[in-house]
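Hi,

Here is the structure I promised to pass on. Have a look at it first, and my notes follow underneath.

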Amino acid sequence: MAAERYRIMMFPWLAFGHMIPFLALSKKLAAKGISISYISTPKNLQRLPPIPSDLEDKLKLLEIPLPSVDGLPENCEATIDLQEEQIQYLKKAYDKLSKPFENLLKKIMPDMILIDFAPYWIPEIAAKFDIPTAYFSVYTAATLAYTGPVEELKTGKRRPSPEYYTRAPDWIPFPSLVSHRPDFVPIVMKSTHSPDSSGISMAQRMAKVVENCSFLAVRSCKEFEGEYINLIQQLHEKPVLPIGVLHTVPEEKTIKTETDSFKWLGEQKPKSVVFVGFGSEYKMPIEQIHELAFALELCKLPFLWILRKPEGVDSSDVLPPGFEDRTRSQGVVILGWAPQVDILAHTAIGGCLFHAGWGTIVEALGFGHPLILLSMVADQGLNAKLLVEKELGYEVPRNKDGSFSREMVAESIRRVVVEPEGEKFRSKAAQMRSNFDNKESQNNYINKFIEHMEKYLKKTKQV
Ligand SMILES: *[C@@H]1O[C@H](CO)[C@@H](O)[C@H](O)[C@H]1NC(C)=O
């Protein structure tokens, strides 16, 4: 296979929502004969799922130790280990990886480096050795479109006040709902455009990565958001290659069907259970947990809730008093980790109430579930609006201050899962499944990516 000649280095940001898709793409490329060196810090590599034995030759995990910096607690190497305000110190430590990264680069001398938005210092290092970089976006094309062209990332000039952030920007030339919730705008403006203690803002990082990359790869497909993929190609004046949504269907034999929650799921009617999950990254305050609990009681539908236990709260106080007794015959709460994709694959699931993180969207739509959207942080609000635009889900209405009530959540769940007015969400989600789990068309994106990379490398090596 021609691809065997090529070697790629992968360098994701230190968040599992980034490391996991980088690993998924690494596996797909390794399976096509491309040699992958996947770089991260020791504790993160240990926490990744194991590499399938048939890919071990082609896909190597290489560690570089994370330097310590003031403000970063010991043994914390990923955003999941930290409070929101500590993440800037992780960025600071990450930036100190530039020298060890350069040393590793010299040893490996890959044909190309696939990088995240964060390591803005890589293009300069790569240029010394004549190695091209490409930006791999774990965000949707719609999110990249919203964040804007390089000039806007650098200056923020075209959005001088908060109101601009609550509507689609004027460089999106078609009708679009992609924008942030008003209550979230102050947080977004600060986290995007203000330098943190690492000395640089998120938008500045992304600007440098994007302006110096040879092309962009996006975890997405044309069937889902082709218009946004085309648009970012125009905005950045560079090739943008969708690499597919990276949906993985669990193998029947690996699903632990003997556990209590799977036994319970097995007793429920098809498409009847509301899946509830807000990921392991978001630290949900206890007040929100209680409001959601009351919402689930109110909606009267069977539910399965994967709940991250908040730090400093006793297990017995996580749920409202009496909740478990009152809902014993209605639903199941799993406190801690659970195999989310195995649960979403179950035929009893009829809808998904979640934070609108892109990884979970892929899993939910990959099994055709209609979505009840309650975005919390980061790009989730933009994803939620995109899904509303596509009629794949319904966004829980919020109060002006951003709070939500049990009634609003319960009504939204019922609308999407059972009420007649939610039929459009159910049918559109079922249709989208046929794109997300279409092996042939998704595989084609990987082939096209490799083709493009080969052509690009041949061209640059001739010059
Ligand atoms: C990155 O791009 C900018 C703008 O095109 C250019 O001035 C700079 O030299 C580039 N840096 C590298 C390392 O390629």
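How many helices and strands are there in the protein? There are 19 helices and 13 strands, where helices (H or I, at least four residues) and strands (E, at least two) are DSSP runs numbered from the N terminus. Before the rest, a word on the source: this is a predicted model, so local features need pLDDT of at least 70, side-chain atom pairs count only at pLDDT 80 or more, and totals for chains, interfaces and linings use all residues. Residues are numbered from 1 along each chain as its sequence is written, and side-chain values use heavy atoms, with hydrogens and water left out.

**The whole protein**

The radius of gyration is 22 Å, close to the 23 Å that the globule rule gives for 463 residues, so the protein is as compact as a globular protein of that length. (That radius is taken over C-alpha atoms, and the rule is 2.2 Å times the number of residues to the power 0.38.) Along the principal axes, the C-alpha atoms fill a box of roughly 70 × 50 × 45 Å.

Buried residues make up 56% of the 463; buried means under 20% relative accessible area, exposed over 50%, and partly exposed in between, with a 1.4 Å probe and protein chains only. The accessible surface comes to about 20,400 Å², and 52% of that belongs to carbon and sulfur atoms. Accessible areas come from the Shrake-Rupley method with a 1.4 Å probe, and for residues only the protein chains shown count as cover. As for contacts (heavy atoms within 4.5 Å), residues 24 or more positions apart account for 69% of those with a separation of 6 or more.

**The ligand**

Which residues are around the ligand? They are Pro123, Glu124, Glu211 and Asn212, with "near" meaning that a heavy atom of the residue lies within 4 Å of the molecule. The protein covers 39% of the 360 Å² of accessible area that the ligand has on its own. Helix 5 (122-128) and helix 9 are the elements that give two or more residues to this shell. By class, the shell has one nonpolar, one polar and two charged residues. (Ala, Val, Leu, Ile, Met, Phe, Trp, Tyr, Cys and Pro count as nonpolar, Asp, Glu, Lys and Arg as charged, and the others, Gly among them, as polar.) A polar side-chain atom of Asn212 lies 2.4 Å from an oxygen atom of the ligand.

Helix 9 (residues 202-212) also holds Val210, which counts as buried because its relative accessibility is 2%. Beyond residues up to four places away in sequence, Val210 touches Tyr135, Val150, His236 and Lys238. The C-alpha atoms of Val210 and Pro123 are separated by 9.6 Å, with their positions 87 residues apart along the chain.

**The C-terminal helix and its partners**

Two residues of helix 19 are worth a click. Leu457 sits in this helix (residues 439-462) and is buried because its relative accessibility is 2%. Leaving aside neighbours within four places in sequence, Leu457 is in contact with Tyr6, Asp111 and Pro132. Its C-alpha atom is 8.4 Å from that of Met112, although the two are 345 residues apart along the chain. Thr460 is in helix 19 too, but is partly exposed at 33%. Thr460 and Asp130 are 330 residues apart in sequence and 9.7 Å apart in space, C-alpha to C-alpha.

**Backbone oddities and a few side chains**

Most residues other than glycine have a negative phi. Met109, in the loop between helix 4 (98-108) and strand 4 (112-115), has a positive phi near 45°. Ala356 has a positive phi of about 65°, and lies in the loop between strand 11 (349-354) and helix 15 (358-366). Buried or partly exposed? Met109 is partly exposed at 35% relative accessibility, whereas Ala356 is buried at 0%.

Glu291 lies in helix 12 (residues 286-299) and counts as buried, because its relative accessible area is 17%. Apart from residues up to four places away in sequence, Glu291 touches Phe404, Ser405 and Arg406.

Last, Arg328 is in the loop between helix 13 (323-326) and strand 10 (331-335), and is exposed at 57%. Its side chain makes a polar contact with the side chain of Asp325 (2.6 Å). A polar contact is a pair of N or O atoms within 3.5 Å; within protein, one must be able to donate a hydrogen and the other to accept it, and residues adjacent in sequence count only if both atoms are side-chain atoms.

Cheers
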